[in-house]
Amino acid sequence: MILTHFSDNDLYKFSVMLAIQRLYPRAVVRYEFMNRGNTSFPEGFVEKLAKEIKHMEKLKMTKKEKEFITKRCYFFDPAFIDFLEGYQYDSSEVRITQINGTLKILIEGYWYRTVLWEVPLMALISELYFKMTGIKPVNVIEKAVEKAEILKRIQADHSDFGTRRRFSFEVHDKVVGTLKKYAGKYFKGTSNVYLAMKYKTTPIGTMPHEWFMFHGALYGYQSATMKALEAWVEVYQGSLGITLTDTYTTDVFLKSFNLKQAKLFDGVRWDSGDALKFIDKTIGFYEQNRIDPLSKTIVFSDSLNTDQVRQIKEYVAGRIHDAYGIGTYFTNDVGAKPLNMVIKLTNVKMNENSEWQYAVKLSDTPGKHTGNLHEIELSKETLNISENSRE
C-alpha cells in the first residue's frame with residue numbers, strides 16, 4: 001500500500017478541520033478532481049486507486065503521532081486531538097470512475113470529515129500514476145542537496161510544501177531529510193505532519209482557499225474575506241496567522257483587510273499573479289495603515305524554483321520579511337513530468353437540508369479561476385473585477 005501513516009498529510013488540512021468542527025459542524029460539501037494537464041491515466045488505474053482508497057480506512061493515528069501533534073501543534077485543543085486519534089477515513093465519501101484515460105473523482109460528505117481527503121488523495125494519484133507507467137526517479141539526493149545549498153547561500157527561509165504532487169513518499173522523505181541536513185537554519189520545516197515528526201522539524205501551514213470559498217458561497221462575495229478572517233480569529237485567537245489573499249483577488253482582499261486584522265495577522269501568502277507587484281502592493285498597504293512592514297511576513301508559494309526565489313529575494317531586499325514554501329520543485333523534480341492537477345471545493349451547503357451553492361476561486365492570474373463558469377462571472381461582476389484592468 002502507498003499511504004501507511006495517518007499524519008502523512010498537510011498541517012493546513014488539520015487546522016481547517018478544527019475550525020470547521022468548531023463553527024460549521026453540519027456543513028456538507030463537494031470536491032472535484034480537476035485534471036488541468038489532461039493526463040491520460042493507464043488502463044486499470046481506477047481499480048488500483050480504489051484499493052488504495054479503501055486501504056486508507058485502516059490508517060489510524062499512532063501514539064507517537066499523537067504525542068508529536070500535542071507537543072508541536074499547540075494551537076490544537078485536547079478534544080480535537082482525541083478526535084483525530086479516533087478518526088477513520090470512509091471510502092464511501094469518494095466516488096471514482098475512469099472512461100478510457102479520463103479520471104473523474106467526486107468527494108461528498110460532511111465538511112469536517114471530507115476535508116482530509118484532498119492532499120493524500122492527490123499524493124496517491126501521483127505516485128500510483130508513476131508506478132503504473134514505469135517511470136523511475138533520478139538524482140533525488142543530488143538535486144535536493146544542490147537546492148538546499150543555493151537556498152542557504154542566498155539566506156532564503158524556506159519550507160517544503162510538496163505533499164500533494166510528489167513523485168512518491170520515498171522521494172518526499174529523502175528530500176525533506178536532505179533539506180534538513182544541508183540547508184541549516186534556513187530550512188524552517190515542512191507542511192507534511194508525519195515528515196515534520198520524523199525529522200524533528202516544524203509542521204508548517206495555516207488556512208486554505210476553501211475556507212474563503214465556503215464563506216463566499218454562503219455569505220456573499222463582498223462579505224467573504226471579512227467573515228472568513230473573523231471566523232479564523234474566533235477559533236485560533238491569533239495563532240496560525242498567515243492568510244491567503246487571492247481567493248477573490250488580492251485587490252478585493254485588501255479592501256476588506258481592516259486595521260485590526262492587519263495588525264493581528266502575522267502576514268500574507270502570495271499564491272498567484274506577479275510576485276514583485278504583490279510585494280509593492282502589500283508593503284504599500286501596511287505603510288498606509290502605519291504598520292511597519294518589517295514586522296510582517298510574505299510567504300511566497302506559487303510554483304517556485306531557486307531562480308525565482310533569488311529574484312524575489314533581491315527585490316524584497318529587507319523591505320519585509322520573506323519566506324518561501326516550495327512544493328513540486330522539491331518533491332517531483334526527478335526526471336518525470338509532474339501531474340498538473342487539483343482537487344477543489346465546488347459546492348457547499350450549511351446543513352443537510354439546505355440548498356447547494358456553488359463555490360468558486362478566482363486568482364491574481366487572469367483567467368486562472370476554478371468553479372462553475374456562470375458563478376465565476378457572477379462573482380467577478382459582484383466584486384467589480386475586470387480581467388483587462390489586472391493584466
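Ser256 counts as buried because its relative accessibility is 16%, where buried means under 20% relative accessible area, exposed over 50%, and partly exposed in between, with a 1.4 Å probe and protein chains only. Ser256 lies in helix 12 (residues 250-256); helices (H or I, at least four residues) and strands (E, at least two) are DSSP runs, numbered from the N terminus. Not counting residues up to four places away in sequence, Ser256 touches Gln222, Thr225, Met226 and Gln261, a contact being heavy atoms within 4.5 Å.

This is a predicted model, in which local features need pLDDT of at least 70 and side-chain atom pairs count only at pLDDT 80 or more, while totals for chains, interfaces and linings use all residues. Residues are numbered from 1 along each chain as its sequence is written, and side-chain values use heavy atoms, with hydrogens and water left out.

The chain as a whole comes next. The protein chain has 18 helices and 11 strands. Its radius of gyration is 20 Å, close to the 21 Å that the globule rule gives for 391 residues, so the chain is as compact as a globular protein of that length. The radius is taken over C-alpha atoms, and the rule is 2.2 Å times the number of residues to the power 0.38. Along its principal axes, the C-alpha trace spans about 55 × 55 × 45 Å. Of the 391 residues, 58% are buried. Among contacts with a separation of 6 or more, 78% are between residues 24 or more positions apart. The accessible surface of the protein chain is about 16,700 Å², and carbon and sulfur atoms hold 48% of that surface; areas come from the Shrake-Rupley method with a 1.4 Å probe, and for residues only the protein chains shown count as cover.

The strands can now be placed in sheets. One is an open sheet of 5 strands in the order 2-3-1-10-11, with antiparallel pairing; two strands pair if DSSP finds at least two bridges between them. Strand 2 (94-99) and strand 11 (357-358) are at the edges with a single partner strand each, so one side of each has no neighbour in the sheet. Helix 2 (residues 45-55) packs on this sheet, touching strand 2 and strand 3 (102-110), and its direction makes about 165° with that of strand 2. Such angles run from 0 to 180 degrees between N-to-C directions, with axes as lines fitted to C-alpha atoms, for helices over the stretch in contact.

Strand 2 and strand 3 are antiparallel and joined by 6 bridges, with Ile105 in strand 3 as the bridge partner of Ile96. The hairpin of these strands has 2 residues between them, and Asn100 there takes a positive phi near 55°. Strand 3 is also joined to strand 1 by 5 bridges, again antiparallel, and here Arg30 has Glu108 in strand 3 as its bridge partner. At the other end of the order, strand 10 (residues 342-349) runs antiparallel to strand 11, with 2 bridges between them; Val348 has Gln357 in strand 11 as its partner. Helix 10 (residues 209-219) lies across strand 1 (28-34), strand 10 and strand 11, at about 30° to strand 10.

The other sheet to follow is an open one of 6 strands, ordered 5-4-9-8-7-6, with parallel pairing. Its edges are strand 5 (187-190) and strand 6, each with a single partner strand, so one side of each is left without a neighbour in the sheet. On average, neighbouring strands in this sheet are turned by 25° against each other, direction ignored.

Strand 6 (residues 242-244) pairs in the parallel sense with strand 7 (residues 267-270) over 3 bridges, and Thr243 stands opposite Val268 in strand 7. From strand 7 to strand 8 (residues 297-300) there are 4 bridges in the parallel sense, with Arg269 opposite Val299 in strand 8. Strand 8 and strand 9 (residues 321-326) likewise pair in the parallel sense over 4 bridges, and Ile298 stands opposite Asp322 in strand 9. Helix 14 packs on the sheet, touching strand 7 and strand 8, with its direction at about 165° to that of strand 7.

Tyr286 lies in helix 14 and is buried, with a relative accessible area of 0%. Leaving aside neighbours within four places in sequence, the contacts of Tyr286 include Gly267, Val268, Lys296 and Ile320.
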